[in-house]
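Trainee: I would like a close look at a single part of this model. Please take me through it slowly, and then place it in the rest of the chain.

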Amino acid sequence: MKADTHPDYHFITVTLTDGSTYQTRSTYGKEGDTLNLDIDPSTHPAWTGGNQQMLDRGGRVSRFNNKFGGFIKK
């Protein structure tokens, strides 16, 4: 095996937005570094299921509804 081909894999501390922390192994930074997350499973709508809304950019949704609105049962 060639020397120095693999990145250094070490322990880091991950800090979530609510202040909780956990240790994991990563190639991020150096041994003992802290990774502060801006978005994590406790705040991101993809995991929390919050605020799902369809944005109408340029009337696309309106045009779709006008074209196919008759097929939708209400």
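**A close look, from the start of the chain**

Mentor: We can begin with D4, which is placed in the segment before β1. Keep in mind throughout that this is a predicted model. D4 is exposed, with a relative accessible area of 81%. Its backbone also deserves a glance: phi of D4 is near 60°, a positive value in a residue other than glycine.

Before going further, here is the overall layout. The protein chain has two helices and three strands. Along the sequence they follow the pattern β-β-β-α-α. Of the 74 residues in the protein chain, buried residues make up 9%.

One of the buried residues is H10, so classed because its relative accessibility is 3% and the cut-off for buried is under 20%. H10 lies in strand β1, which covers residues 10-15. What does the side chain of H10 reach at 2.8 Å? It is the backbone oxygen of Y28. The side chain of H10 also makes a polar contact with the side chain of D8, at 3.1 Å. Taken together, the H10 side chain has a contact with a side chain, that of D8, and another with a backbone atom, the oxygen of Y28.

D8 leads on to K30. These two residues are 22 apart in sequence, yet their C-alpha atoms are 8.3 Å apart in space. K30 is placed in the loop between β2 and β3, where β3 is residues 34-36. K30 counts as exposed, at 62% relative accessibility, whereas H10, the contact partner of D8, counts as buried at 3%.

Now turn to strand β2, residues 21-26, where Y22 is found. Y22 counts as partly exposed because its relative accessibility is 43%, and that class lies between the 20% limit for buried and the 50% limit for exposed. Y22 and T34 are 12 residues apart in sequence, and the distance between them is 9.9 Å, C-alpha to C-alpha.

R25 brings in a ring. The charged end of R25 sits over the ring of F11, and the distance to the ring centre is 5.5 Å.

The last stop is helix α2, residues 60-68, which holds F64. How many aromatic pairs does a search of the whole structure find? It finds one. The pair is formed by F64 and F68, with 5.0 Å from centre to centre and 45° between the planes. That geometry is called tilted, because the angle is neither under 30 degrees, as in a stacked pair, nor over 60, as in an edge-to-face pair. Why are F64 and F68 separated by about one helical turn? They are four residues apart in helix α2, and that spacing is the reason.

Both rings of the pair belong to partly exposed residues: F64 has a relative accessible area of 46%, and F68 has 32%. F64 and F68 also join F71 in making a nonpolar surface patch of about 350 Å². A residue needs over 30% relative accessible area to be part of a patch, so F68, at 32%, meets that condition. F64, at 46%, meets it as well.

To retrace the route: D4 is exposed in the segment before β1, H10 is buried in strand β1, and the F64 and F68 pair is in helix α2.

Terms used: Residues numbered from 1 in each chain as written. Predicted model: local features only at pLDDT ≥ 70, side-chain atom pairs only at ≥ 80, totals over all residues. Heavy atoms only, no water. Patch = residues over 30% accessible without salt bridge, like charges linked within 9 Å, V, L, I, M, F, W, Y side chains within 5 Å. Areas by Shrake-Rupley, 256 points an atom, 1.4 Å probe, with all protein chains shown as cover. Salt bridge = Lys/Arg side-chain N within 4 Å of Asp/Glu carboxyl O. Buried < 20%, exposed > 50% of the residue type's maximum accessible area, 1.4 Å probe, protein only. Phe/Tyr/Trp six-rings, centres within 6.5 Å; stacked < 30°, edge-to-face > 60°. Lys NZ or Arg CZ within 6 Å of the ring centre and 35° of its normal. Polar contact = N/O pair within 3.5 Å; in protein donor to acceptor, adjacent residues only side chain to side chain.
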